[in-house]
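Please read the following walk-through alongside the sequence and the model, taking the overall fold before the individual side-chain pairs.

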Amino acid sequence: MLEARLFQLQRREADLERQQLELMASVNEYIGGYGQFVELLAAKSRRLEEELAHVRQNKLRFAARLQEEARRLKLFGRLRTRVATVVRREEEAKDLDRLIDLIGGKQAARLP
């Protein structure tokens, strides 16, 4: 889920950067004598820059969350492995105790 959100933010960031470049190209093309048009383009450029900053901030935040989640999953995996080892050892100890009891019981039965 976080990976998808991070990918979406990266795609949005690239789209905003592309729009910003297109806008600046338009400004450079029409700069001669179109004052109001330039002001509109500048306002649009500011909004794009603000949105781009917001998207970048979100991208960093989601990347940090994704890294933290990966760290927790790795820790969980190690703990699960330790628990499985302890459970297996306990089962082996119980099996050994049963085997010793069986062997001990047979030897006792052989004695007169």
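In this predicted model, the secondary structure of the protein consists of two helices and zero strands. Of the 112 residues in the protein, 16% are buried, and the protein exposes about 9300 Å², of which carbon and sulfur atoms supply 58%. When contacts with a separation of 6 or more are considered, 79% of them are accounted for by residues 24 or more positions apart.

The next topic is the nonpolar core. In soluble globular proteins, nonpolar side chains tend to be buried together. Here the largest nonpolar core has eleven residues, namely Leu2, Leu6, Leu9, Leu16, Leu23, Val27, Leu41, Leu48, Leu52, Val55 and Phe62. Helix H1, spanning 2-30, and helix H2, spanning 35-110, each supply at least two residues of this core, and the largest share, six residues, comes from H1. For a view of one core member and its surroundings, consider Leu9, which touches Val55, Asn58, Lys59 and Phe62 when residues up to four places away in sequence are not counted.

Charged side chains add a further set of links, since the structure holds eleven salt bridges by the criterion of a side-chain nitrogen of Lys or Arg within 4 Å of a carboxyl oxygen of Asp or Glu. One of them joins Glu13 to Arg56, with the closest N and O atoms 2.8 Å apart. This pair links distant parts of the chain, as Glu13 lies in helix H1 and Arg56 in helix H2, 43 residues apart. Is Glu13 buried or exposed? Its relative accessible area is 11%, and because buried means under 20%, Glu13 counts as buried, whereas Arg56, at 32% relative accessibility, is partly exposed.

Other salt bridges are formed within helix H2. Glu68 pairs with Arg71, the closest N and O atoms being 2.5 Å apart, and these two residues are three residues apart in helix H2, about one turn of the helix. Glu68 is partly exposed at 29% relative accessibility, and Arg71 is partly exposed as well, with a relative accessible area of 45%. Further along, the side chains of Arg98 and Asp95 meet in a salt bridge at 2.8 Å, N to O; because Arg98 and Asp95 are three residues apart in helix H2, about one helical turn separates them. Arg98 counts as partly exposed at 46% relative accessibility, and Asp95 counts as partly exposed at 41%.

Finally, salt bridges also form a network in this model, in which Arg12, Asp15, Arg18, Glu22 and Glu51 are linked.

Note on methods: Residues numbered from 1 in each chain as written. Predicted model: local features only at pLDDT ≥ 70, side-chain atom pairs only at ≥ 80, totals over all residues. Heavy atoms only, no water. Helix = DSSP H or I, 4+ residues; strand = E, 2+ residues; numbered from the N terminus. Buried < 20%, exposed > 50% of the residue type's maximum accessible area, 1.4 Å probe, protein only. Contact = heavy atoms within 4.5 Å. Areas by Shrake-Rupley, 256 points an atom, 1.4 Å probe, with all protein chains shown as cover. Core = buried A, V, L, I, M, F, W, Y, C linked by side-chain atoms within 4.5 Å.
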